[in-house]
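Reader: Please show me the structure, and let us then ask of each term why it applies.

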Amino acid sequence: MNQPYVPHASSPQLIALVDPYVYHAFQTLNGKEVVVETVRGSIQGTVRDVKPDHIVISAHQAVYYIRLAQVVSVRLSN
């Protein structure tokens, strides 16, 4: 009799946590100039795209992809 395949405990598993409140907040900021504070520092630029797990910021002729899990705070730029 065939047994169903069960992955071993050592097999990598993808777990993605999505915070719908943070995702929605960034959607309202799409196209606006913001300062995003992350666990590694801050980036000031324009929000170009928002996905459930990351945002795209353009600043100083560069494009940054920031995971939402790494965002500490965000505010509108002056």
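Author: The questions below take up the sheet, its helix and one residue in turn. This is a predicted model, in which local features need pLDDT of at least 70, side-chain atom pairs count only at pLDDT 80 or more, and totals for chains, interfaces and linings use all residues. Residues are numbered from 1 along each chain as its sequence is written, and side-chain values use heavy atoms, with hydrogens and water left out.

Reader: What makes β3 and β4 a pair of strands?

Author: Strands are DSSP runs of E with at least two residues, numbered from the N terminus, and two of them pair if DSSP finds at least two bridges between them. Strand β3 (residues 54-59) is joined to the antiparallel β4 by 6 bridges, so the two count as paired. Within β4, A62 is the bridge partner of A59.

Reader: Why are β4 and β5 called edge strands?

Author: The open sheet of 5 strands has the order β4-β3-β2-β1-β5, with antiparallel pairing. Both β4 (62-67) and β5 (71-76) pair on one side only.

Reader: What does helix α1 touch?

Author: Helix α1 (residues 20-28) packs on the sheet and touches β1 (33-38), β2 (41-50), β3 and β5, where contact means heavy atoms within 4.5 Å.

Reader: Why is T38 called buried?

Author: T38, which lies in strand β1, has 12% relative accessibility and therefore counts as buried, the term for residues under 20% relative accessible area with a 1.4 Å probe and protein chains only. Leaving aside neighbours within four places in sequence, T38 is in contact with I66, Q70, V71 and V72.

How values were computed:
Helices (H or I, at least four residues) and strands (E, at least two) are DSSP runs, numbered from the N terminus. Axes are lines fitted to C-alpha atoms, for helices over the stretch in contact, and angles run from 0 to 180 degrees between N-to-C directions. Buried means under 20% relative accessible area, exposed over 50%, partly exposed in between (1.4 Å probe, protein chains only).
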